[in-house]
Amino acid sequence: MELVAWNKSLETGHPIVDGQHKNLFAMINNLHTSIQEGHPNLVLIETMEKLSAYVETHFKTEEELMISHHYEQYAEHKLEHDNLREQSLKLIKLFGMHKVDLTATVSQFLSDWLKHHISGNDIAMIKWLRENAIVDSKG
Ligand SMILES: [Fe+2]
């Protein structure tokens with residue numbers, strides 16, 4: 001069963017960012033299913049690593065967007081990204097060392113984090129960019 005479904009209330013209005021968010025949800029669902037189906041650790045760690053690499057691509061996209069438009073909340077937003085980067089690395093490392101089990105709590109945490117971050121930070125960021133940079137630049 002799907003853990004998270006993207007819905008209109010999570011739409012930022014930026015096609016690239018929204019496309020990446022949809023991909024992230026699909027990957028989190030995939031991880032969740034793999035955990036629930038009891039896939040071997042080797043498969044789970046690969047899935048986690050792929051997800052983490054895609055999260056990095058996505059964070060970079062947003063951070064470059066914020067930097068190029070001199071977004072006023074950049075530092076706060078980047079801090080949230082950095083916290084998740086750090087937690088993911090720690091988790092992958094501990095899991096690789098067999099110190100923690102990957103359970104549905106992990107996919108649940110990721111999906112909650114993403115929904116919370118999108119509705120709180122990403123939507124506000126794209127709104128600001130539209131009002132202060134993108135719209136202005138169109139004259
Ligand atoms: Fe973000």
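**Close-up views of a four-helix predicted model**

From the N terminus on, the elements of the protein run α-α-α-α. The model is predicted.

**Figure 1. Overall view of the predicted model, with four helices and zero strands.** Taken along the principal axes, the C-alpha atoms fill a box of roughly 55 × 30 × 20 Å. The protein has 139 residues, and buried residues make up 21% of them. Among contacts with a separation of 6 or more, 73% are between residues 24 or more positions apart.

**Figure 2. The largest nonpolar core, with 13 residues.** The members that touch the most other members are Leu 24, Ile 28, Leu 31, Leu 51, Leu 110 and Leu 114. Two or more residues of this core come from each of α1 (15-36), α2 (41-68) and α4 (104-137). α1 gives the largest share, five residues. In soluble globular proteins, nonpolar side chains tend to be buried together.

**Figure 3. Surroundings of Ile 28, one of the core residues that touch the most other members.** With neighbours within four places in sequence left aside, the contacts of Ile 28 include Leu 3 and Val 4. Leu 51 is also in contact with Ile 28, and Leu 51 is among the buried residues of α2. The remaining contacts of Ile 28 are Ser 107, Leu 110, Ser 111 and Leu 114. A second core, separate from the largest one, has six residues, including Val 17, Met 66, Tyr 71 and Ile 126.

**Figure 4. Helix α2, a run of 28 residues.** From its first C-alpha to its last, α2 reaches 40 Å, close to the 40 Å expected at 1.5 Å a residue. Its buried residues are Thr 47, Met 48, Leu 51, Val 55, Glu 62 and Met 66. Met 66 is also a member of the second core. His 70, with a positive phi near 50°, follows α2.

**Figure 5. The crossing of α1 and α2, whose axes come within 10 Å.** The two axes cross at roughly 165°. That angle is over 145 degrees, so α1 is roughly antiparallel to α2. The crossing of α1 and α2 is left-handed. On the α1 side, the contact is made by Ile 16, Val 17, Gln 20, Asn 23, Leu 24, Met 27, Ile 28, Asn 30, Leu 31, Ser 34 and Ile 35. On the α2 side, the contact is made by Val 43, Leu 44, Thr 47, Met 48, Leu 51, Tyr 54, Val 55, His 58, Thr 61 and Glu 62. Among these α2 residues, Thr 47, Met 48, Leu 51, Val 55 and Glu 62 are buried.

**Figure 6. The crossing of α2 and α3 (74-96), whose axes come within 11 Å.** These axes cross at roughly 165°, so α2 is roughly antiparallel to α3. α2 passes α3 in a left-handed crossing. α2 makes the contact through Ile 45, Met 48, Glu 49, Ser 52, Val 55, Phe 59, Glu 63, Met 66 and Ile 67. From α3, the contact takes in Tyr 74, His 77, Lys 78, His 81, Ser 88, Ile 92, Phe 95 and Gly 96. Helix α3 has 23 residues and reaches 33 Å from its first C-alpha to its last, close to the 33 Å expected at 1.5 Å a residue.

**Figure 7. His 70, in the loop between α2 and α3.** His 70 is not a glycine, yet its phi is positive, about 50°. His 70 counts as exposed because it has 10 C-beta neighbours inside 10 Å, and a residue with 12 or fewer is exposed.

**Figure 8. His 98, in the loop between α3 and α4.** His 98 comes just after α3 and takes a positive phi of about 60°. This residue, too, is other than glycine. With 8 C-beta neighbours inside 10 Å, His 98 counts as exposed.

**Figure 9. Gly 120, in helix α4.** Gly 120 has 12 other C-beta atoms within 10 Å and is therefore exposed. Gly 120 and Gln 87 are 33 residues apart along the chain, and their C-alpha atoms are separated by 19 Å.

Key:
Residues numbered from 1 in each chain as written. Predicted model: local features only at pLDDT ≥ 70, side-chain atom pairs only at ≥ 80, totals over all residues. Core = buried A, V, L, I, M, F, W, Y, C linked by C-beta atoms within 7 Å. Buried ≥ 20, exposed ≤ 12 C-beta atoms within 10 Å, placed from the backbone. Contact = placed C-beta atoms within 7 Å. Expected span 1.5 Å × (residues − 1). Axes fitted to C-alpha atoms, helices over the stretch in contact; angles between N-to-C directions. Parallel < 35°, antiparallel > 145°, perpendicular 65-115°, else oblique. Left-handed = near helix turned anticlockwise from the far one by under 90°.
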